[in-house]
Amino acid sequence: MMLNGLIQFLTSLRLTVACLFAAIILVFFGTLAQVELGLYVTQEQYFRSLFVFWTPEGSNWKIPVWPGGYLLGGVLLANLIAAHIKRFKFTAKKSGIFLTHIGLILLLVGQFLTEVYQVESFMRIEEGKAKNYSEDGRGNELAVIDVTDPNQEKVVAVPQSSLVKGATIDIPEFPISIRVKEFFRNSVPGGPMVQASGARITATQGTGLRLPFDQQAVTAKMDDENKPVALVEVLADGTALGEWTVSTWLTKHPWSTYLKGQLGAGGSLIGPQTFQHAGRTYELALRPVRYYKPYTVKLLDFTHARYKGTDIPKDFSSRIHLSDPGENVERDVLIYMNNPLRYGGETYYQGGFEPGDTVSILQVVKNPAWLTPYLSCVLVGVGLLVQFGMHLTGFLRKSSARAKGASGAPAGGHQPPTQGQPAAVPAGAVNSAVNHSHSNRNS
Amino acid sequence: MKQRLPWIVCGLFALWVLSALRPAPKPGGFALAEFGRLPVLLNGRVQPFDSVARNTLLSMHGTQTVRPAPGEASGRVLSATEWLLELMSKPEQAGNRQVFRVESLELRNLLDAREGRLGQLAYNDFSQQKLQDLEQEARRISEKDSQLRSGYEKDALHLAESVHLYHRLRNSLRPENSQHFLEHLPDHPLKASLTASESGEFAGELKLYKQLVPVAMTLLHKEAAGEEYNQADVQLLASFFRRYEPLSRFAYPLIVPPMHPDVSRDDWSNIGTSLSESLRSGEVNPALDYFARMDSSFRKGRSDDFNAAVAEYRQWLQDKNLTPELKKGQREWLFNHLEPFYKSMTLYVAALILGCVFWLNFSHPVRRTAFYLVVLAFAIHTAGVLFRMFLEGRPPVTNLYSSAVFVGWGAVVLGIILERLFKDGVGVVTASTIGFVTLIIAHHLSATGDTMEMMRAVLDTNLWLATHVVVITIGYSATFLAGFLAIVYILRGVLSKGLTAETGKSLSRMVYGILCFATLFSFVGTVLGGIWADQSWGRFWGWDPKENGALLIVLMNAAILHARWGGIVRDRGLMVMAIAGNIVTAWSWFGVNMLGVGLHSYGFMDKAFVWLLTFIISQLVVMGLGMLPPRFWMSFKGNRPVDSTPKLSHRGGIKPRTA
């Protein structure tokens with residue numbers, strides 16, 4: 001009984017309608033919220049969540065007030081699939097609805113896969129330079145690099161999420177471990193003259209010895225980002241080798257450039273921070289997560305054209321050289337707006353540039369589900385076209401029949417139905433909406 | 001007679017439309033239309049002087065013609081081109097024309113301009129002191145966050161920008177104050193070559209400059225060779241350079257065509273740049289001679305000379321192999337002149353009135369007349385859309401302005417089809433209403449500037465403009481049409497006895513059918529938009545406000561259809577929901593664009609926002625009416641069962657029901 005009830009519930013059209021309305025409300029408020037919270041936080045709170053929570057001012061409660069995107073998407077998907085399993089038989093008449101729903105399922109599943117598997121990163125290249133890695137826009141890592149061999153670096157990366165105050169991180173590849181003595185998610189460099197107002201980090205080695213960092217409130221703004229800083233102690237064989245400050249301030253463009261400019265002659269402070277142990281040289285850096293590729297991308301030329309007499313951008317384009325010795329690929333590619341390069345399971349877009357037009361920023365996206373919207377669009381489009389087309393032709397046939405009948409037999413909307421068996425709902429319901437005489441008979 | 005009435009009325013309107021094709025008038029014998037067709041480059045595209053004039057006037061004043069100055073004897077309305085020419089050539093006279101619009105009372109007080117027609121000011125109404133005050137005020141305001149500007153501040157900034165543009169236009173055909181400049185030039189033998197009449201105008205200035213350019217060349221050679229050179233030459237050259245160099249940043253449209261179009265067609269320049277460049281290249285662009293002649297002859301009222309100068313300039317452009325640019329100017333001039341959207345707007349109003357008359361007296365010739373008028377209006381509307389596409393070389397929708405034009409167009413197509421099918425005036429009334437309203441919206445949007453502006457890099461793709469944008473805009477059209485049909489249903493039902501069982505049924509069919517159509521187009525359009533985003537930004541969906549707006553329309557349409565299929569709503573519910581679709585669509589179309597302005601600011605109370613809010617409230621009112629119990633509906637009082645549609649099964653929407 002319970003199961004029957006559940007099935008009834010899961011397959012009902014009322015559930016569909018309720019979910020669609022809940023989604024309308026969610027999307028509407030999820031749009032308004034962007035004004036205050038910015039796109040990223042809104043996405044997390046409204047769309048990539050099971051519930052939208054409300055926190056009354058001055059409390060720590062999280063009261064769920066509305067279903068979130070994952071929940072609504074999930075229920076709609078379950079509703080669709082359940083309804084089809086339970087009672088949908090494939091017939092020519094229902095082929096349109098069938099195709100539409102398959103397309104929708106594909107779209108929802110595809111978007112879920114995208115959420116899970118999509119990796120977005122950036123490749124910032126100067127003209128004439130080449131890169132074999134892209135960098136994450138938000139995620140950072142603590143990289144420990146063995147730079148002893150000038151021809152080959154060995155990198156071990158610890159994700160930023162592991163940098164918790166008091167944690168000790170073993171680096172099994174190297175004979176060292178790292179203890180996190182302090183960590184701020186957002187920070188600002190404090191000059192030696194500036195008195196720290198809150199918590200401050202100063203190191204015993206390297207850059208942090210002379211350049212302290214102060215804690216800052218975490219930001220959620222679109223055009224701003226958090227600049228984490230950590231004080232790490234390097235341990236080898238149980239003894240401490242020293243404490244270093246690591247921060248994206250020191251490694252990530254354009255902050256590092258900005259800092260160098262601010263420090264003037266002291267800008268030389270900002271260089272690789274290295275230490276020696278057991279005859280090997282290691283480097284420490286907190287930097288954007290890097291995704292290494294088995295190929296290199298070299299920027300040959302970046303162009304930025306404007307319309308004559310205006311500042312309206314006409315075109316951005318990057319001419320690159322793609323070099324993949326493993327696959328015997330050596331070719332030039334022109335990447336421009338609406339014309340990305342798809343290579344090696346990744347897509348390279350013209351993402352941005354820096355003033356001066358000599359630095360191009362390519363956006364690199366890896367999304368195994370990228371094709372699903374294309375398929376879904378075709379399926380739903382054809383499905384709706386078939387379904388509504390059948391109604392339309394049916395309606396036209398009937399109205400022309402009615403027009404002919406008007407001269408002879410008494411006319412009106414209540415003539416007996418011409419078709420024998422009303423089609424299944426929703427096709428049947430559609431008929432009833434389009435032609436009332438059918439539904440009259442139904443009742 | 002009754003049978004011929006529709007054709008006669010339609011024919012008269014058609015004659016009125018075609019009357020625009022008669023030869024353009026020549027006020028005072030001046031071939032102003034010929035001048036208005038001449039090509040210039042502005043906003044990155046070749047356009048005629050006429051477009052420059054119209055767009056400037058629209059942004060400054062909101063009109064495309066200028067009324068006679070107060071107290072002017074010959075009270076003639078000026079065309080945009082004539083006003084522009086007057087401003088460029090006879091600024092003293094143009095200064096009396098009321099072309100500035102000031103709405104805020106506070107601003108009028110600041111300018112001490114309480115006199116005069118409401119909101120209308122002429123340049124000569126401002127004293128020098130007031131202009132400086134305004135400029136200072138504008139500088140203060142422009143430093144303020146645009147979201148926090150008050151109505152007064154926006155008005156002040158707009159006025160300051162208009163005045164700036166006005167100044168720039170005054171120096172666009174020729175630099176101002178030639179007489180003063182020539183009088184104060186350092187003494188030089190070359191000055192003697194000027195006749196008395198020449199020394200008061202740009203033609204004389206140009207004549208002197210043309211003699212000076214070769215001098216500058218030899219001067220440069222001498223300097224390079226280390227030879228002695230004449231100080232008086234240097235002095236004279238310096239005076240010219242000081243005059244032209246700032247002008248290159250000030251003169252507005254680029255009116256001087258490229259000297260070598262075979263090398264670079266884009267190389268148009270304004271008079272300042274062209275004149276200063278001459279010192280480098282050693283040649284003065286001959287186009288300047290023609291412009292100087294047009295200027296002198298227009299000032300002196302010598303129409304024959306003016307017309308000859310324009311004709312010779314055209315010939316010169318042709319010889320320069322700039323025929324495509326000339327043609328572009330002519331075509332765009334024709335488009336401006338025909339005003340297809342204004343004409344079809346008028347026709348929609350006429351059709352709307354006749355449609356309403358039909359509902360009062362049910363006279364079929366009236367309905368047919370209204371229907372023919374809608375078709376005629378639609379034909380002109382279509383011609384306008386096609387002409388714009390041809391001029392731009394783009395699909396129909398490229399910006400908010402053209403989306404308004406196209407939303408109306410799409411709704412009218414569907415309305416005409418409905419009228420053909422049902423022949424009950426409903427299609428006519430809804431089509432003409434939407435056609436009229438959207439064209440009014442477009443008209444107001446056009447006041448923001450050039451409506452054929454160039455496309456930014458990311459939008460510069462005819463493929464996606466032709467697919468995603470067109471499809472989604474038709475989705476808007478259909479959703480609006482369904483909503484307006486629903487309004488007809490509710491208003492007729494509640495306020496009149498006109499909603500019979502039959503009309504109710506046919507309206508319900510129309511709304512349902514149109515909603516199906518709307519669902520198809522808004523869904524496909526939205527997904528195509530996502531695919532475009534995937535092509536250009538690397539993500540299919542990003543929850544951006546505009547994307548969310550499109551999604552809302554899809555969700556709304558899907559919700560309505562499923563509610564209908566599930567029997568959760570019947571006819572009245574369908575209508576109420578379809579009107580909610582109007583709100584969602586209006587919000588997606590305009591509301592999301594206003595979000596960036598910020599919720600907690602005066603800025604949010606923009607004029608457009610007030611209109612949007614008014615629209616939403618009106619829709620809520622009609623929805624409220626629709627939800628009144630049937631006994632309050634005039635059409636239903638004791639007549640018949642309310643909803644002829646039976647309620648379908650609640651549960652198991654996808655369950656087959658057999659008879």
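**Entry 1: one leucine in chain B**

I began with Leu373(B) and looked up what it touches, skipping neighbours within four places in sequence: the contacts are Cys10(B), Phe13(B), Leu347(B), Ala350(B), Ala351(B) and Leu354(B). A reminder to myself before going on: this is a predicted model.

Next I asked which residues have the most contacts inside the largest nonpolar core. Leu373(B) is one of them, listed with Ala351(B), Leu485(B), Val511(B), Ile514(B) and Leu555(B), and the core has 134 residues. Then I checked which helix gives the most to this core. It is α20 of chain B, residues 462-495, with 18 residues. I also noted another core lying apart from this one, with 71 residues, including Phe100(B), Leu157(B), Leu159(B) and Leu236(B).

**Entry 2: a hairpin in chain B**

I moved on to strand β1 of chain B, residues 39-42, and wondered which of its residues are buried on each face. On one side I found Pro39(B) and Leu41(B), on the other Val40(B) and Leu42(B); all are buried, and both faces of the strand are covered.

The partner I looked up is β2 of chain B, residues 45-48, which runs antiparallel to β1(B) and is joined to it by four bridges. Across this pairing, Leu41(B) stands opposite Val46(B). The hairpin has two residues between its strands, and I noted that Asn43(B) takes a positive phi near 55 degrees there.

**Entry 3: chain A in outline**

Now for chain A. I counted up its secondary structure from the listing: eight helices and 19 strands. Of its 443 residues, 31% count as buried. I also looked at contacts between residues at least 6 apart in sequence, and 56% of these join residues at least 24 apart.

**Entry 4: two helices side by side**

I picked α3 (residues 69-87) and α4 (residues 95-117) of chain A. At what angle do they pack? The angle is about 145 degrees, and the axes are 10 Å apart. The crossing of α3(A) and α4(A) is left-handed.

I wrote down who makes the contact. From α3(A) come Gly73(A), Leu77(A), Leu80(A), Ile81(A) and His84(A), and from α4(A) come His101(A), Leu104(A), Ile105(A) and Leu108(A). Sorted by class, that gives six nonpolar residues, three polar and no charged ones.

**Entry 5: an open sheet**

Staying in chain A, I followed four strands that form an open sheet with antiparallel pairing, in the order β6-β7-β11-β12. Which strands sit at the edges? They are β6 (168-171) and β12 (239-247), each pairing on one side only. Ignoring direction, neighbouring strands here are turned by 25 degrees against each other on average.

I then zoomed in on β7 (residues 176-184) and β11 (residues 229-236) of chain A, an antiparallel pair with seven bridges. In this pair, Phe184(A) stands opposite Val229(A) in β11(A).

**Entry 6: one valine in that sheet**

My last stop was Val180(A), which lies in β7 of chain A. Why does it count as partly exposed? Val180(A) has 19 C-beta neighbours inside 10 Å, and a residue needs 20 or more to be buried, so this one falls in between.

Leaving out residues up to four places away in sequence, Val180(A) touches Leu163(A), Val164(A), Lys165(A), Gly166(A), Ala167(A), Ala230(A) and Val232(A). For a distance in chain A, I also looked up Gly394(A): Val180(A) is 214 residues from it in sequence and 73 Å from it in space, C-alpha to C-alpha.

Key. Residues are numbered from 1 along each chain as its sequence is written. Chains are lettered from A and ligands numbered from 1 in the order in which they are written. This is a predicted model: local features need pLDDT of at least 70, side-chain atom pairs count only at pLDDT 80 or more; totals for chains, interfaces and linings use all residues. Two strands pair if DSSP finds at least two bridges between them. Axes are lines fitted to C-alpha atoms, for helices over the stretch in contact, and angles run from 0 to 180 degrees between N-to-C directions. A nonpolar core is a set of buried Ala, Val, Leu, Ile, Met, Phe, Trp, Tyr and Cys residues joined through C-beta atoms within 7 Å. A residue is buried if 20 or more other C-beta atoms lie within 10 Å of its own, exposed if 12 or fewer, and partly exposed in between; C-beta atoms are placed from the backbone. Two residues are in contact if their C-beta atoms, placed from the backbone, lie within 7 Å. A crossing is left-handed if the near helix is turned anticlockwise from the far one by less than a right angle, and right-handed if clockwise. Ala, Val, Leu, Ile, Met, Phe, Trp, Tyr, Cys and Pro count as nonpolar, Asp, Glu, Lys and Arg as charged, and the others, Gly among them, as polar.
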